[in-house]
Amino acid sequence: MFRNTLKKMNTSLKDVVNYTLDIHGEIHDMNRYIGKKLIIKWSGNVVCSCEKVMTSFYRNSGYCYKCYWESPLASQSIFKPELCTAHLGIEERDLDWEKEFQLTPHYVYLANSSGIKVGITRGTQGVIRWMDQGASQAILLAEVPNRRFSGDIEVSLKRFVADITNWRKMLSGSPDKVDLVKMKEELSVHVPDELKQYILPDNTVTEINYPVTKYPVKIKSVKLEKYPTIEGVLLGIKGQYLLLDNDRVFNVRSHEGFISEFSVQETIQKTLF
Ligand SMILES: [Zn+2]
């Protein structure tokens, strides 16, 4: 069944981000489809990562009933890393899983997607996370040995900067450039003293460009639950959003698990730019 479900696009950092979508056993180079018409048709079913069909009530969580209540992937500390306890040997739902997931290097970063935000990421996932969020610039702030410490730093910095992306603003254009090195210096002062040792001296700023030919003006987010067939000319891709004609945007990630047909009309549309 996973063969035919939507999954978040894979990204690689090049001059502009390159996006691929894996569906129906085929890897689609999405950048190549810009200017072409995409058709996404939903079957009416959504499956959880455990392969069970989800009832509509639990769809927004991304999990079926059983996983929502039992899986360590859906536990509270996934959404609130400051609640992680595996480093103290305390179980939330499955200590072995939690140890493996939490007791690895984590990073705290600053990113500029719709203004400055603070976030955390595991291991080497940083650049991928920044591309998924549609960030235009990012810098690592600290490297810590477990997820809890990254959550603690994030909480201390949330008083000064956002911890979520304003997706409407992110999709409305490129944000103004920000001096992230200076922001990092200013915010580092507010990291709790016992965690200051983890602040990274390296101040490399990653710059990210997206394949967008035209940004939407009055953004309209389209969802398969409301429109089971979505057709439109692809004008660009940013974060995990497909930018379609008529100011429509489609969040691929929020449709993970939707069993769908995906196709592309190869005739090149010349007029809509
Ligand atoms: Zn499940």
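**Figure 1. Strand S10 is mostly covered in the predicted model.** Seven of the 10 residues of strand S10 are buried. The strand comprises residues 229-238. Strand S4, residues 37-46, pairs with S10 in the antiparallel sense, and five bridges connect the two. Within this pairing, Thr-229 of S10 is the bridge partner of Lys-41. S10 is also joined to strand S11, residues 241-244, by four bridges, and these two strands likewise run antiparallel. In that pairing Leu-234 stands opposite Leu-244 of S11.

**Figure 2. A hairpin links S10 and S11.** Two residues lie between the two strands of the hairpin. Gly-239 is located in the turn and has a positive phi of about 60°.

**Figure 3. Ile-237 is a buried residue of strand S10.** Ile-237 counts as buried because it has 25 C-beta neighbours inside 10 Å, the threshold for burial being 20 or more. When neighbours within four places in sequence are left aside, the contacts of Ile-237 are Tyr-19, Met-30, Tyr-210, Pro-211, Leu-242 and Leu-243. A further residue to locate in this view is Val-212, which is 25 residues from Ile-237 in sequence. The C-alpha atoms of Ile-237 and Val-212 are 5.8 Å apart in space.

**Figure 4. Six strands, S10 among them, form an open sheet with mixed pairing.** The strand order is S9-S12-S11-S10-S4-S13. Strand S9, residues 220-221, and strand S13, residues 258-265, are the edge strands, each of which pairs on one side only. S4 and S13 run antiparallel and are joined by seven bridges. Lys-37 stands opposite Gln-265 of S13. Strands of a sheet pair through backbone hydrogen bonds, in either a parallel or an antiparallel arrangement.

**Figure 5. An open sheet of four strands has antiparallel pairing.** The order of the strands is S6-S5-S7-S8. At the edges are strand S6, residues 116-122, and strand S8, residues 205-207, each pairing on one side only. From one strand to the next, the twist averages 30°. Seven bridges connect S6 with strand S5, residues 106-112, and the sense of this pairing is antiparallel. Asn-112 stands opposite Ile-116 of S6.

**Figure 6. Helices H5 and H8 lie across the strands of the four-stranded sheet.** Helix H5, residues 126-133, lies across S5, S6, S7 and S8. Strand S7 in this group comprises residues 137-144. H5 runs at about 35° to S5. Helix H8, residues 180-188, also lies across S5, S6, S7 and S8, and runs at about 35° to S7.

**Figure 7. Helix H6 is mostly covered.** This helix spans residues 147-157, and eight of its 11 residues are buried. The buried positions are Arg-147, Arg-148, Phe-149, Ser-150, Gly-151, Ile-153, Glu-154 and Leu-157. Charged side chains are therefore included in this set, since Arg and Glu count as charged. The buried residues of H6 pack against helix H4, residues 95-102, and against S5, S6, S7 and H8.

**Figure 8. Domain 1 and domain 2 are in contact.** The domain assignment places residues 2-62 and 212-265 in domain 1, and residues 104-207 in domain 2. Taken over C-alpha atoms, the centres of the two domains are separated by 27 Å. Domain 1 contributes 12 residues to the contact, and domain 2 contributes 11 residues. On the side of domain 1 that touches domain 2, seven residues are nonpolar, three are polar and two are charged.

**Figure 9. The close-up views belong to a protein chain with eight helices and 13 strands.** The C-alpha trace of the chain spans about 60 × 45 × 30 Å along its principal axes. The radius of gyration is 20 Å, which agrees with the value near 19 Å for a compact globule of 273 residues. Of these 273 residues, 34% count as buried. Among contacts with a separation of 6 or more, 66% involve residues 24 or more positions apart.

Conventions. Residues numbered from 1 in each chain as written. Predicted model: local features only at pLDDT ≥ 70, side-chain atom pairs only at ≥ 80, totals over all residues. Pairing = 2+ DSSP bridges. Axes fitted to C-alpha atoms, helices over the stretch in contact; angles between N-to-C directions. Contact = placed C-beta atoms within 7 Å. Domains from an automatic or database assignment. Buried ≥ 20, exposed ≤ 12 C-beta atoms within 10 Å, placed from the backbone. Rg over C-alpha atoms; globule rule 2.2 N^0.38 Å.
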